[in-house]
Amino acid sequence: MGGYFLKILFALLVCFLHTEISILGLNSTSEISRVKCIESERQALLNFKRGLVNDSGMLSTWRDDENNRDCCKWKGLQCNNETGHVYMLDLHGHYPQRLSCLINISSLIDLQNIEYLNLSNNDFEGSYIPKFMGSFTNLKYLDLSWSRFGGRIPYELGNLSKLEYLDLKWNSLDGAIPSQLGKLTSLQHLDLSLNSLSGEIPSEVGVLTSLQHLDLSRNSLRGEIPSEVGKLTSLRHLDLSFNSFRGEIHSEVGMLTSLQHLDLSGNSLLGEIPSEVGKLTALRYLDLSYNVAIHGEIPYHFKNLSQLQYLCLRGLNLSGPIPFRVGNLPILHTLRLEGNFDLKINDAKWLSSLSFLTTLDLTSLHNLGSSRYWQQMIGELITNLRELSLVDCNLTDESVVLYASIQNSSSPLVTLNLNDNSLEGPIPNLSNFTSLMALHLSNNRLTGEIPNT
């Protein structure tokens, strides 16, 4: 019985001593159980730092001393609380804080548990993206944008089967888009814009059915836009602008019913705008400009694009009347039709329903000047517009109606461009235009003095 009592007493004593130690903060349970960073990963990060120019102090907390042995506390790092492995490395720069010099990413080879890597907005002076990057098989997020990487995109990136986000924009990458990227079936965001990529879009892109954002703009890509793009039914953002794509716009575009942003401008596309574009009822932004071989009429089915806010069809070869149903775009704020010499506006009533319109550019539409009703409509619209351009529209002295409307309106107009017409008479009173910053009236037949306003 006495032995049993002693055991209980000893147990109570141990419990009391443990409590006292915890209160004093000496080797508390939480301090003992907390996992610090892995030593091999700490050394890898220090080696990585030695190869960088760090004048801005971005890596000032990365120090090899007794007070900073826990790399999980270093700036730009996050570790798994249970294992201590680094899973996030975020060293994105922002001026003037940037990393520079030829980067040696191979020193990070020991970070095999990393899921998030962001080295964007730095200056790595043409460093190549290393092939071994494909060994980071746990990566879900990779951002190397705006960092002056050069060379080709390594096909080994196709091994990153868990990758959801890949951003390589605004570098000096060249060569073809690797077909192996078609293996990234978890990918939701792919941005390769503003590089020097060449060749065609690989048909394997059609396998990326989880893709929501695809931007290949401002490269030197060529060939036809593959019909497989129509399989990317989760796409919300598609930008293929300013490449050298040719051929017609496939009717498969109508399958992209989740699309909110479509930009195919600055290519060599031809043919008519397919009526299937009218199926993109979620579309907010549409730009097909500067494809000079696109001809025909604006499809009647544009009337279905009730969510459209930005419509740019400039520099095409469109003809015929602007469909009255364009007025069914109730929240449209920007309409650019300049450079379509043969477009006609036989009836401008549809403009009156565009109550959110702030930018209207009808430059070089030569079928406006003879309609006094049209000029009156412009006078009414000007009460909402911030930018109005009617350059080279054959406006004549009949446009005194337009001038009268300008004089009697109070407008938020910032830019008014009436260059290259046949306007006559004095410059109108612009005293109500307190927001006006740019006024263009050159190459007309104006007379008289410049008003004080």
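Helices (H or I, at least four residues) and strands (E, at least two) are DSSP runs, numbered from the N terminus. The structure is a predicted model, in which local features need pLDDT of at least 70 and side-chain atom pairs count only at pLDDT 80 or more, whereas totals for chains, interfaces and linings use all residues. Residues are numbered from 1 along each chain as its sequence is written, and side-chain values use heavy atoms, with hydrogens and water left out.

**Exercise 1. Locate R314 and list its contacts outside the sequence neighbourhood.**

Solution.
- Step 1: R314 belongs to the loop between β18 (310-312) and β19 (317-321).
- Step 2: Contact means heavy atoms within 4.5 Å. With neighbours within four places in sequence set aside, R314 is in contact with S289, Y290, R336, L337, E338 and N340.
- Step 3: L335 is 21 residues from R314 along the chain, and their C-alpha atoms are separated by 9.4 Å.

**Exercise 2. Derive the strand order of the open sheet and identify its edges.**

Solution.
- Step 1: Two strands pair if DSSP finds at least two bridges between them. Nine strands form the open sheet, in the order β5-β7-β9-β11-β13-β15-β17-β19-β21, with parallel pairing.
- Step 2: β5 (150-152) and β21 (342-344) each have a single partner strand, so one side of each lacks a neighbour in the sheet and these two strands are the edges.
- Step 3: From one strand to the next the twist averages 15 degrees. For such angles, axes are lines fitted to C-alpha atoms (for helices over the stretch in contact), and values run from 0 to 180 degrees between N-to-C directions.
- Step 4: The individual pairings can then be tabulated.

| Pair | Bridges | Residues standing opposite |
|---|---|---|
| β5 and β7 (172-176) | three | G150 and S172 |
| β7 and β9 (196-199) | three | A176 and S198 |
| β9 and β11 (220-224) | two | S198 and S220 |
| β15 (268-272) and β17 | three | G271 and I294 |
| β17 and β19 | two | H295 and N317 |

**Exercise 3. Assign the side chains of β17 (residues 293-296) to its two faces.**

Solution.
- Step 1: Buried means under 20% relative accessible area, exposed over 50%, and partly exposed in between (1.4 Å probe, protein chains only).
- Step 2: The side chains of β17 alternate: I294 and G296 point to one face and are buried.
- Step 3: A293 and H295 point to the other face and are not buried.

**Exercise 4. Check the length of helix α3 (residues 39-50) and describe its packing.**

Solution.
- Step 1: The expected span of a helix is 1.5 Å times one less than its number of residues. For the 12 residues of α3 this gives 16 Å, and the end C-alpha atoms are 17 Å apart, which agrees.
- Step 2: The buried residues of α3 are E41, R42, A44, L45, L46 and F48.
- Step 3: These buried residues pack against β1 (77-79) and β2 (86-90).

**Exercise 5. Characterise the largest nonpolar core and the surroundings of L142.**

Solution.
- Step 1: A nonpolar core is a set of buried Ala, Val, Leu, Ile, Met, Phe, Trp, Tyr and Cys residues joined through side-chain atoms within 4.5 Å.
- Step 2: The largest such core has 111 residues, among which L142 and L313 touch the most other members. α3, β1 and β2 each supply at least two residues of this core.
- Step 3: Apart from neighbours within four places in sequence, L142 is in contact with L117, M133, L157, L160, L163, Y165, L166 and D167.
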